[in-house]
Amino acid sequence: MEPPGEGREWSAAKVDRREENLKIFGIEHIGFTVPNLDEAVSFFETIFGAVTVMTTGKIDVDGTFMRSRLGVPEHCRIENIKVLRCGNGSNIELFEYSGEGTEEALKRNSQPGGFHVAFQVDDAVSAAERLRERGVDVLDGPTYVDAGAMKGLTWLYLRAPWGQFLEIVSTTGPLGYEADGGPKLWSPVSGA
């Protein structure tokens, strides 16, 4: 039996455009795996004021379930899941697995599959100072964008203790692209 997703190829040409799209309400959560769940939860609670709203404990399923429903090797198991609320917006679902051998480096943002999670703050410049004071691994910046589609955005990348890239952003008003009209980005500040 092929692992999930293998042997299948998605193509926009195979989709009947006359069919109605899925009704999507928004992003409910962002989930990722961390090497130490307690460390990750402590980081999000201490740095971002996150609140743990759900804990599952060990998930008791067999290897077939792990392979066919989660796409992971049959010998891996979920030791615990914690779901956090962090301000207004999507939930963060943190997984801790057992059974993976060596720890591989996280993908860089420039690699397919690399990603980051961004948090909107009131002032990215002062937030950067507070993060540095707390010993967080903060990259250079913040960077203020003064032209183009993202004009008015201040952003800064940082790394969580396990190496995951995160970002903080702030704005002082509408972004540059908004001058053209059309749809606007959702913001946890306005809820719209």
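# A first walk through the chain

Right after helix α2 comes Gly71, with a positive phi near 70°. Helices here (H or I, at least four residues) and strands (E, at least two) are DSSP runs, numbered from the N terminus. The model you see is predicted, so local features need pLDDT of at least 70 and side-chain atom pairs count only at pLDDT 80 or more, while totals for chains, interfaces and linings use all residues. Residues are numbered from 1 along each chain as its sequence is written, and side-chain values use heavy atoms, with hydrogens and water left out.

## The whole chain

Let's step back for a moment. The protein chain has three helices and nine strands, and along the sequence they follow the pattern β-α-β-α-β-β-β-α-β-β-β-β. Taken along the principal axes, the C-alpha atoms fill a box of roughly 55 × 50 × 30 Å. There are 192 residues, of which 28% count as buried; buried means under 20% relative accessible area, exposed over 50%, and partly exposed in between (1.4 Å probe, protein chains only). A contact means heavy atoms within 4.5 Å. Of the contacts in the chain with a separation of 6 or more, 54% are between residues 24 or more positions apart.

## Two helices with a buried face

Back to α2, which spans residues 63-70 and has Gly63, Met66 and Arg67 buried. Viewed down the helix axis, these buried residues fall within an arc of 90°, so they line one face of α2. The arc is that of the directions from the helix axis to the C-beta atoms. Strands β3 (77-85) and β4 are among the elements that cover this buried set. At the start of α2, a side-chain oxygen of Asp62 comes to within 3.3 Å of the backbone nitrogen of Thr64. Pairs like this are polar contacts: N or O atoms within 3.5 Å, where within protein one must be able to donate a hydrogen and the other to accept it, and residues adjacent in sequence count only if both atoms are side-chain atoms.

Which residues of α3 are buried? They are Ala124, Ala127, Ala128 and Leu131. These residues cover an arc of only 105° around the axis, which puts them on the same side of α3. An α-helix has 3.6 residues a turn, so residues three or four places apart point the same way. The buried residues of α3 pack against α1, β6, β8 and β9. At the start of α3, a side-chain oxygen of Asp123 reaches to within 3.0 Å of the backbone nitrogen of Val125, and just after the helix Gly135 has a positive phi of about 85°.

## Three spots to visit

Asn80 sits in strand β3 and is buried, with a relative accessible area of 16%. The side chain of Asn80 reaches the backbone nitrogen of Gly57 at 2.8 Å. Not counting residues up to four places away in sequence, Asn80 touches seven partners by name: Leu37, Thr55, Thr56, Gly57, Leu94, Phe95 and Glu96.

Lys107 lies in the loop between β4 (91-98) and β5 (117-120). Because its relative accessibility is 47%, Lys107 counts as partly exposed. Leaving aside neighbours within four places in sequence, Lys107 is in contact with Pro112, Gly113 and Gly114.

Pro142 belongs to the loop between β6 (137-138) and β7 (143-144). A cis peptide bond joins Gly141 to Pro142, with omega about 15°.

## The pockets

A pocket is found on a 1 Å grid over the protein atoms alone, as an open set of points where a 1.4 Å probe fits, with protein on both sides within 12 Å along at least five of seven lines; lining residues have an atom within 4 Å of a point. Grid points are joined across faces, edges and corners, and a volume is the space filled by probe spheres set on the points.

The largest pocket holds about 1400 Å³ of space. It is lined by 42 residues, and the closest to its centre are Ala118, Phe119, Gln120, Val169 and Pro188. Elements giving two or more residues to this lining are α1 (37-48), β4, β5, α3 (124-133), β8 (153-159) and β9 (165-171).

The second largest pocket has a volume of about 860 Å³. Of its 24 lining residues, Thr33, Glu100, Glu103, Glu104 and Leu106 are the closest to the centre. Strands β1 (29-33) and β4 each supply at least two residues of the lining.

In the table, Ala, Val, Leu, Ile, Met, Phe, Trp, Tyr, Cys and Pro count as nonpolar, Asp, Glu, Lys and Arg as charged, and the others, Gly among them, as polar.

| Pocket | Volume | Nonpolar lining | Polar lining | Charged lining |
|---|---|---|---|---|
| Largest pocket | about 1400 Å³ | 25 residues | twelve residues | five residues |
| Second largest pocket | about 860 Å³ | eleven residues | nine residues | four residues |
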